[in-house]
Amino acid sequence: MQPARLLKSGPRGQALVLFSLTFLLLTLMVLGTLGFGMRAKERVEIQMAADAAAYSQAVSTARTFNAIAVMNRAQIAHMVAMAGTQSMISYGSQQYAARQLSPCAMPGNDWSALDEAAGQQVITLQGRAGSMFRAELTMYNRLIGTHLAQQGLTRLIAREVNPELTAPDEGDAKSLAEVSGGASSGTSYDDLMQQVKTGTVPDTAGAVMTTGGGQGDAMRNATMGSLGWTWVHNRETGSAGFGSGAAAHNPGFQFYASAGAMDSSTYQTISGRNSWAHDHGRAVTGTCPDGTPYTAAATDAWVMSDERQSNEDQHVYGAKAPPGQGAENNTTVDERHTLGACVVCPGIWPYSVGFNAGLLHGNADENDYGQPKLYAMLRRDYASDSRRARPDPWNLVFTFKFANQETEFDNAAPLGRIQPTGREDVQRNQVALAAGLAYYHRPRPAAVGGGWEEPPNFLNPFWRATLVSTEGARDDKPARSLEQAGFSEHADALRRLDNAGYRGGSSTGGKY
């Protein structure tokens, strides 16, 4: 009876075996789901961080460009005010000369004090305009050296998103090429001025030119265009501006029937050699303090301010021998009306940071019209010390001895062991690349048809930022950027996708 009982109860436990196998399969499925889900989550995380970094770089660049544009406009305002003050000096000189021929001559000391104060105001205005260039350099150098170089801003954002995300230094190549032509640091004012003096300012293919490039002419033209108010530009008997010292015969400065009729093509002949104002001979009428009217003939009045090194400044007025050529109240005119030191003599015009207008010529539309595209590149290292210290439970990591050698098994690697290969291993490194664009957009009023057509410049603060595809422009080579940063297998994968017909954000592909 005993054997029969044992035989009868033999099938017991079969369900447990089936359950164990099923549970093992279920466990593997759960772990696989967790593994895929974690990788998908990490992929989204690193790409969102890269997008945020790229957009932040574009915003930082656009804000810097806008600040430079505002300061350039402030420079223009200061130079307009300087011409206006010179105009006042010339006009006042003619009034003073006529007053000296009237029954109520003005004391010479009083006039000298007024003339000296006006001359000092011109010096102050020029100095402040020059200080703005130093401020522009400071802002630009900070953008290059702190935000873009070695992906400084990208690294800060990645650290806030997840401390295990890193921004490789070599990922800054594209951004620096677009903005500074590849320079990873700015140039101090003193070093830049020395380069200007020696003619060693390096050429750049970037959007920013620290010495202005063609910005100097644009600034002078904008200043002359701002002199439309009658007192400075269209007085019946006088004029004021910037040129070579021959105001009365300057072909680039003429009278117009109205400010609206001013011809901007004539501004190109204006130079930054000096600042001047001129009033032609006329009959001046006035009233003495006691109410006695007078009319007196006044000859030409003329004031010209040059840089400190030239000693060519002039102040001439009056029907008698011109006292402006000698001294006024024991002060020589060369000292009274001299402006600041020149950088490249002769010249009194301050430098300004300018947009590289050369990028607007040729097939500019193929390269975003010189508007800088900035890459942000992030990396997650699956073989980092932190990852190996706390591996995912489904990524088994252990060591065992075989043939008297200690061998490491890592389930996260395709060969059971992560090789110390570095960045080129696509299995080891998760990489994200994003692009932001700093672009110029000044809308036209709807009354004139809307849209926009003004090219990028540093005279108006209409720079904005947006996220864009890493491809699309002639100089966009994301595979090359990845390769330069050491991610060669990632770059090869991108090229293979392109060869297979993948177009990403471009209708033509990356053209690798």
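**Confidence, the environment of serine 305 and helix α12**

In this predicted model, the protein has an average pLDDT of 81, with 80% of the residues scoring at least 70. Two segments fall under 50, namely residues 245-257, for which the model has 41 contacts beyond four places in sequence, and residues 320-324, for which it has seven such contacts. Where pLDDT is low, the predicted coordinates should not be read in detail.

Serine 305 lies in strand β7, which comprises residues 301-305. Its relative accessibility is 2%, and serine 305 therefore counts as buried, the cut-off being under 20%. The side chain of serine 305 forms a polar contact of 2.9 Å with the side chain of glutamine 86. When neighbours within four places in sequence are set aside, the residues in contact with serine 305 are Gln86, Asn274, Ser275, Asp313, His337, Leu339 and Ile348.

Helix α12 consists of 12 residues (488-499), for which a span of 16 Å is expected at 1.5 Å a residue, and the distance of 16 Å between its end C-alpha atoms agrees with this expectation. Within α12, the buried residues are His490, Ala491, Leu494 and Asp498; these cover an arc of only 100 degrees around the axis and therefore lie on the same side of α12. The elements covering these buried residues include β15 (429-440) and α11 (478-484), whereas the face turned away from the buried side of α12 carries the exposed residues Arg496 and Asn499. Following α12 is glycine 501, which has a positive phi near 105 degrees.

Key: Residues are numbered from 1 along each chain as its sequence is written. Side-chain values use heavy atoms; hydrogens and water are left out. Helices (H or I, at least four residues) and strands (E, at least two) are DSSP runs, numbered from the N terminus. Buried means under 20% relative accessible area, exposed over 50%, partly exposed in between (1.4 Å probe, protein chains only). A polar contact is a pair of N or O atoms within 3.5 Å; within protein, one must be able to donate a hydrogen and the other to accept it, and residues adjacent in sequence count only if both atoms are side-chain atoms. Contact means heavy atoms within 4.5 Å. pLDDT is the predictor's confidence in each residue, from 0 to 100. The expected span of a helix is 1.5 Å times one less than its number of residues. The arc is that of the directions from the helix axis to the C-beta atoms.
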